Structure formats: C-alpha cells, structure tokens
Amino acid sequence: TTAGGVSANRIAQWDGAAWSALGSGMNSFVSALAVDAAGNLYAGGDFTTAGGVSADRIARWDGSVWHTLGSGMNDGVYALAVDGQGNLDAGGAFTTAGGVSANYIARWDGSAWHTLGSGMNDGVRALAVDGQGNLYAGGYFTTAGGVIANGIARWDGSAWHALGSGMNDYVEALAVDG
C-alpha cells in the first residue's frame, strides 16, 4: 500500500527518481499490467474500484485518472496483452466480460468486450502476442475453443490451435521472441 514511503494503494509509478501514486489506487490486488501504443496503462486483478471509480477487476489509467472498461469482469483478471491493432486481451478466472459470456478470455476493442471463440474450459494465467498478431494463452485449461490444448494455445484471429500436445502442468508465464 506504499511505494518509497508514498501511499500508493496497490499500484505505483517509478519515474527514474521517485515513486508516485496513480490516483488513489485500487481497493484490492493488481495482478497484470499492459501499456498500449498511446501510453494508456491497463491494470487487471481482483479490485472492484480504481481511483474511487467502480471498475470490476480491470481499468485504464490515461496518465491522470482511472477509467472503466465497460462493466468489467465477474472474477479476477490475471493476464493482459495489447496486440498490434491496439486491442486489449484479458485472461483470468472470469466467465463474463462487460456482461457478455466470455470463458476465461476476452478482447476489448476500445469500446466493447468480445469473445475469442468459445474461450477456455478453465483459467488463463498468461498472454503474449507475436509479431504476426497471434495471441498465445497459457493457464489451467485443457481445451481452447473446443480443441484439446493442455495449458497452452494460439489464437490466429479466428480460431484456437493447440501447440503440439501441450503441457503436463499449468502455464503461468509466456514470452514471444519476434
């Protein structure tokens, strides 16, 4: 709840010399962060308010204030990634995003939440986007879009694909090279 002696309420910014709060912060944990090309910061987690504004588990910081992303999610957001078109992908324990059924993964296009196929059968804990725009998801799931995926899958913009036979345990972090 503090960073460098400054009250920060679960989120803070380092400017190279000192810590500062981002508004009045969140009322619970922040688990994921992503930044878009315009410099907006997205935060996901278990919080229900951001800067005093109702924000169910996801919010956007524009450099001055926190904003909601629709009506948010019904459960935790644990992974975020921004693609080359500026869409924000979110993964977690949720089954609705902005009131739309979204099984553990959803995409924010700047104004509304959308599903990515039929989603997963269990939680998403990691997301990464490659240079071709493919979205990779890792987590506790065994199927993605109805395809057997065992903890890891790739979204090509229209369908989910397995990566080989997948993993023998959960995936909690991902990175892409190029």
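Which side chain of opposite charge is nearest to D36, a buried residue that has no salt bridge? The nearest one belongs to R60, and the distance is 6.4 Å. The legends below describe close-up views of a predicted model.

**View 1. Surroundings of D36, in the loop between β5 (30-35) and β6 (41-45).** D36 is buried, yet has no salt bridge. The side chain of R60, the nearest of opposite charge, is 6.4 Å away, whereas a salt bridge requires a nitrogen-oxygen distance within 4 Å. The side chain of D36 has polar partners. One of its polar atoms lies 3.0 Å from the backbone nitrogen of A38. A polar contact of 3.1 Å joins the side chains of D36 and Y42. When residues up to four places away in sequence are not counted, D36 touches Y42 and V82.

**View 2. Surroundings of R57, in the loop between β8 (53-54) and β9 (58-61).** R57 is buried and has no salt bridge. Its nearest side chain of opposite charge is that of D56, at 4.3 Å. The salt-bridge limit is 4 Å. The side chain of R57 reaches a backbone atom instead: the oxygen of M73, at 2.9 Å. Apart from neighbours within four places in sequence, the residues in contact with R57 include A43, G44, G45, D46, F47 and T48. Also among them are M73, N74, D75, G76 and V77.

**View 3. The salt-bridge network of D83, D89 and R107.** The model has two salt bridges by the rule applied. In one of them, the side chains of R107 and D83 meet at 3.7 Å, N to O. R107 is in strand β15 (residues 105-108) and D83 in the loop between β11 (77-82) and β12 (88-92), so this pair ties together parts that are 24 residues apart in sequence. A salt bridge also joins the side chains of R107 and D89, with an N to O distance of 2.7 Å. Here strand β15 holds R107 and strand β12 holds D89, so the parts tied together are 18 residues apart in sequence. R107 has a relative accessibility of 16% and counts as buried. D83 is buried too, with a relative accessible area of 8%. D89 is likewise buried.

**View 4. The largest nonpolar core, with 17 residues.** The residues with the most contacts inside this core are I105, M120 and W160. Two or more residues of the core come from each of β11, β17 (124-129), β18 (135-139) and β21 (152-155). Strand β17 gives three residues, the largest share. A second core, separate from this one, has 16 residues, among them M73, A90, A106 and W113.

**View 5. Surroundings of V124 in strand β17.** V124 is buried, with a relative accessible area of 0%. Leaving out neighbours within four places in sequence, the residues in contact with V124 include Y78, G91, G92, Y104 and I105. A137, G138, G139 and F141 are also among its contacts. The C-alpha atoms of V124 and I152 are separated by 9.2 Å, and the two residues are 28 apart along the chain.

Conventions: Residues numbered from 1 in each chain as written. Predicted model: local features only at pLDDT ≥ 70, side-chain atom pairs only at ≥ 80, totals over all residues. Heavy atoms only, no water. Helix = DSSP H or I, 4+ residues; strand = E, 2+ residues; numbered from the N terminus. Buried < 20%, exposed > 50% of the residue type's maximum accessible area, 1.4 Å probe, protein only. Core = buried A, V, L, I, M, F, W, Y, C linked by side-chain atoms within 4.5 Å. Contact = heavy atoms within 4.5 Å. Lys, Arg positive; Asp, Glu negative; His and termini not counted. Polar contact = N/O pair within 3.5 Å; in protein donor to acceptor, adjacent residues only side chain to side chain.
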